[in-house]
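Student: I should like to learn how the terms used for a protein structure are justified. May we take them one at a time?

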Amino acid sequence: MEMESYRLLFEKNPLPMWVFDLESLRFLDVNDAAVQKYGYSRSEFLAMTLGDIGPKEDVPRLREALGSLKPTDRMIGIWRNRKKDGTVFDAEVLSTEVTILTRRARLALLNDVTERLRGDRHRATEIGVTRVLIDAKSFAEAAPQAIAAICQAEEWALGEVWLYDAAASVLRLDGTWHAPGLRDMHGIELASARLAIRPGVGLVGRVWQRDTPVWIRDLREEEELGWAEYSERFGLRSAVGFPIRARSGVEAVAVLFSQAIREPDEPLLDLLADIGSRIGQIFERDKVEASRRASVEAFQKAFHASPVPMAISSLHDGRFVEANLQFLRLFGFERAEVVGRSSLELEMWVDQQQRRVLGERLKERGSIRDAEVQIRTKAGQVRRALMSIEYLDLRDQPTIITTLVDITEFVGAREAQARLAAIVQSSEDAIFGKSLTGEILTWNAGAERMYGYNAMEAVGQQVEMLVPDDRRKEFERIMARLRNGEKLEPLETVRLRKDGRKIVVSLAVSPLRDGAGRLIGGSTITRDITERKRTEQLVRRSEARFRQLFEVAADAMFLIDRRGTILEVNPAGAALVGVKDPAALRGINIGELLPPRELESARQYLRDLLHDRPIVEPFEIHLEPASSDRRFLHVRSRVIREEGTDPYVQVIARDVTPEKESQRRLLESERQASMGQVAAFVAHEINTPLTNISLLSANLARAAKDPAVLEKLVKIDAQRRTAANIVSELLSLTRSQDMKRIPVDVRGVVEAAIEQTGAFRMPDVRLVQELPKDPLIAPVDPLRMQQALVNLLKNAFQATGSGSVTVRLQSENDHITIAVLDTGSGIDPEMRARLFQPFVTTKPRSEGLGLGLVFVKQVVEGHDGSIQVISEPGRGSTFTITLPNPSDKAPAKGTKAAAPRTTPKAP
């Protein structure tokens with residue numbers, strides 16, 4: 001199947017492909033594109049070798065190139081190929097070595113690049129000739145160099161230039177160029193030098209007579225002037241001739257010869273015709289230069305000294321023969337740029353029709369006087385001038401002399417005045433002129449629309465009629481400044497319409513001066529801004545209302561750009577993140593205020609919002625301010641898009657932490673109530689069987705004498721006590737909220753808890769007590785609080801095999817803290833997050849149910865307090881109880897504390 005695919009790719013490829021034997025160069029296979037391209041049938045191809053489809057002189061080079069190839073090489077090169085009809089073309093070849101029946105062969109792919117190479121040669125020819133003509137100073141220098149450039153680029157072996165001798169009416173050889181390898185070239189040069197060819201005779205004569213390029217495909221078929229003999233002797237096969245034409249006609253003929261037969265090339269013929277014209281321009285330039293040097297010397301000094309721009313041009317072709325300094329200055333040209341070229345070539349005329357009309361008038365009248373024309377300088381500037389033309393015979397050469405008077409500034413001032421008048425008249429603004437005494441001098445259409453007075457009603461009246469009574473003093477100050485020649489920048493004021501309605505205007509006043517610079521009055525430009533001021537006032541009111549709502553809103557409001565940068569924030573938003581001044585948050589990315597685990601969801605929410613994708617609102621997120629507890633937020637947002645600015649997002653965040661806390665407490669209360677019900681049921685249902693077990697085991701123990709039986713009864717009683725303890729722990733949860741808070745010395749509560757847990761302390765554990773010296777009175781339930789501390793201390797002693805356990809009691813401001821610190825094993829983060837949940841414990845199930853810390857938390861919260869834990873695995877833990885203390889002062893002197901130093905111990 002794979003071979004079939006390769007075969008199909010070979011056969012149907014649009015480019016010619018074949019396979020040939022490397023040793024014999026014989027074709028082994030060809031595709032349809034090769035058959036169609038070369039004109040041979042498949043059987044004819046298979047009977048030929050590579051040498052049969054290319055020039056014979058290329059065969060040795062081809063064998064040498066193939067012999068040097070390695071099996072892995074891909075031969076890329078350009079080779080000449082010949083079709084069956086004899087047409088030769090250039091082909092770019094890419095080959096790959098293959099093995100066919102143990103013989104080395106190559107698969108070749110060909111691309112016809114004849115046209116591409118021909119185009120490259122033509123471009124190289126044009127570039128080479130252009131460089132020659134740019135640098136050439138004369139025809140004698142330009143013609144042979146140009147022929148050499150053509151021959152080298154187009155690979156012609158011989159080039160000749162034949163110059164027309166007008167006196168003898170013949171063409172004579174003027175110069176030759178030949179390729180370095182052309183043999184015995186001296187003989188043909190001598191033979192050609194003695195020839196004088198008449199128009200119409202031979203290739204050179206036909207080109208001169210026809211004034212067009214002529215191509216000879218095979219010189220052996222050209223019988224005139226012995227070309228067949230030269231063709232055989234020097235190996236010349238094809239030739240082409242083209243005219244070198246000046247304005248007066250064909251002045252020379254160039255002929256090129258090739259050692260190979262070359263088919264007519266139409267693009268090359270067109271290029272040679274163009275090159276002949278360009279070389280002819282140099283010939284023409286030489287003639288004009290000679291004519292210029294022989295021009296009117298008699299009045300040269302007067303001509304050049306004239307203050308009026310003057311130029312002399314040929315009547316025959318309009319080319320400038322001479323131009324004086326003022327003429328060159330007017331147009332901005334150098335002398336060499338003008339002489340020898342016409343005004344059309346230099347694009348001096350703005351209106352070509354105007355030039356033709358003046359030419360006809362010159363023929364009719366014989367001269368032109370002060371015709372107003374538009375001319376264009378070298379820099380492209382358009383100027384106005386008065387033109388006068390006279391016939392002038394200069395050494396038997398018919399010419400005309402042209403003089404110009406530049407009137408650009410005069411015409412410009414005149415047109416500017418007209419344009420200004422039109423602009424003023426069509427302006428929507430009210431524009432009027434007034435004298436220094438306040439008399440209205442001019443009144444445009446805009447003033448008519450704005451003030452309601454037409455021009456006949458306003459002109460001649462005092463401008464004071466437009467001023468309300470309450471603006472008289474302001475008007476007098478404006479007139480005083482105008483009389484001082486001051487210009488008044490736009491100011492906002494009030495003016496009076498004809499119908500008595502007042503309008504708000506923006507007014508600017510500029511002084512007017514006459515030609516001598518004297519102050520004669522002022523111009524006033526007035527724009528009605530009544531609606532704009534009303535709109536601005538409405539916008540300000542709206543902005544003020546929005547700002548007030550923004551500032552006093554209870555919800556946090558943020559304006560952020562599409563990258564999350566805070567543009568604006570209200571006080572509630574600043575307070576939410578623990579910042580006093582909202583300005584301190586501007587420019588900060590809102591992601592900096594969020595916990596790391598919330599960043600990705602917040603970014604996705606913003607992306608969906610900006611791309612108008614569906615979102616679920618309210619979007620729930622939380623903050624963790626450094627100075628407060630975690631805050632839960634419900635967020636609603638909208639994208640605001642304003643024309644000309646990037647979209648930004650309005651974010652409204654509502655703090656739902658209290659609602660979250662209420663829900664949590666409600667669930668906690670429901671859970672505790674459920675646990676209380678379960679505990680009461682369990683205590684009721686289990687305590688009675690446990691009591692019976694105790695009584696029965698005691699009776700059996702009194703009657704039994706067997707030590708094995710007594711040992712088993714002891715174990716039964718131990719299991720009974722364990723079950724009783726479990727029931728007791730469950731019941732303690734139901735009683736943890738039953739608080740009887742009385743003022744007691746908290747030191748006694750702590751000391752009693754320490755005394756009760758001494759049995760749990762390991763020998764290598766040191767107990768540190770940091771208790772205040774003075775009594776610390778606070779309203780607590782001493783029994784419940786002692787039980788809570790016993791749980792914490794017992795856990796600390798059990799977690800610490802060596803090191804220390806510290807109990808710290810202190811009063812700060814309006815609260816009391818009791819901290820239990822240990823250097824034990826610590827608690828991992830995952831366990832720490834669930835530490836105060838029921839039945840969660842780090843101990844084996846036989847050592848506890850995981851209800852002790854639940855009991856502690858309930859007792860502390862029953863005292864309106866809180867408990868926090870800080871722990872690091874391997875470094876120990878710190879449990880801190882914080883209790884409110886309305887008054888941290890000790891009882892006054894002589895007042896007995898409500899509780900003794902020694903506090904009742906928990907059972």
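Tutor: The questions below set values against definitions, and the model they concern is predicted.

Student: What makes N444 count as buried?

Tutor: Buried means under 20% relative accessible area. N444 has 2% relative accessibility, so N444 counts as buried. The residue N444 sits in the loop between β18 (440-443) and α16 (445-451).

Student: What makes the pair of D429 and N444 a polar contact?

Tutor: The limit for a pair of N or O atoms is within 3.5 Å. A polar atom of the N444 side chain lies 3.1 Å from the backbone oxygen of D429, and therefore the distance meets that limit.

Student: Is L28 buried, exposed or partly exposed, and how do you know that?

Tutor: Partly exposed lies between the cut-offs of 20% and 50%. The relative accessible area of L28 is 37%, so L28 is partly exposed. L28 belongs to strand β2 (residues 27-30).

Student: Which residues join L28 in a nonpolar patch on the surface?

Tutor: I100 and L101 form the patch with L28, and together the three have about 290 Å² of accessible area. Residues of a patch need over 30% relative accessible area; L28, at 37%, therefore passes this cut-off.

Student: Why is the pair of R42 and D29 called a salt bridge?

Tutor: A side-chain nitrogen of Lys or Arg must be within 4 Å of a carboxyl oxygen of Asp or Glu. The closest N and O atoms of R42 and D29 are 3.6 Å apart, so the pair qualifies. R42 is in helix α3 (residues 42-46) and D29 is in strand β2, so the pair ties together parts that are 13 residues apart in sequence.

Student: Are R42 and D29 buried or partly exposed?

Tutor: R42 has 28% relative accessibility and so counts as partly exposed. D29 is buried, because its relative accessible area is 14%, under the 20% cut-off.

Student: What makes K37 and D112 a salt bridge?

Tutor: The distance is 2.6 Å, N to O, so this pair also falls within 4 Å. K37 lies in helix α2 (residues 32-38) and D112 in strand β5 (residues 103-112), so parts that are 75 residues apart in sequence are tied together.

Student: Where do the partners of the salt bridge between E457 and K498 lie?

Tutor: E457 lies in helix α17 (residues 455-458), and K498 in the loop between β19 (488-496) and β20 (502-513). Their closest N and O atoms are 2.8 Å apart, so the 4 Å rule is met. By this rule the count comes to 48 salt bridges.

Student: How do you know that P243 is buried, and which residues does P243 contact?

Tutor: P243, in strand β10 (residues 238-246), has 5% relative accessibility and therefore counts as buried. Leaving aside neighbours within four places in sequence, P243 is in contact with residues including V207, P213 and A252. P243 and P213 are 30 residues apart in sequence and 6.5 Å apart in space, C-alpha to C-alpha.

Student: Why is helix α24 described as mostly covered?

Tutor: Eight of the eleven residues of α24 (residues 746-756) are buried, so the description follows. Among the buried ones are V749, V750 and A753. L789 touches V749, V750 and A753, as well as I818 and I881, not counting residues up to four places away in sequence.

Terms used. Residues numbered from 1 in each chain as written. Predicted model: local features only at pLDDT ≥ 70, side-chain atom pairs only at ≥ 80, totals over all residues. Heavy atoms only, no water. Buried < 20%, exposed > 50% of the residue type's maximum accessible area, 1.4 Å probe, protein only. Helix = DSSP H or I, 4+ residues; strand = E, 2+ residues; numbered from the N terminus. Patch = residues over 30% accessible without salt bridge, like charges linked within 9 Å, V, L, I, M, F, W, Y side chains within 5 Å. Areas by Shrake-Rupley, 256 points an atom, 1.4 Å probe, with all protein chains shown as cover. Polar contact = N/O pair within 3.5 Å; in protein donor to acceptor, adjacent residues only side chain to side chain. Contact = heavy atoms within 4.5 Å.
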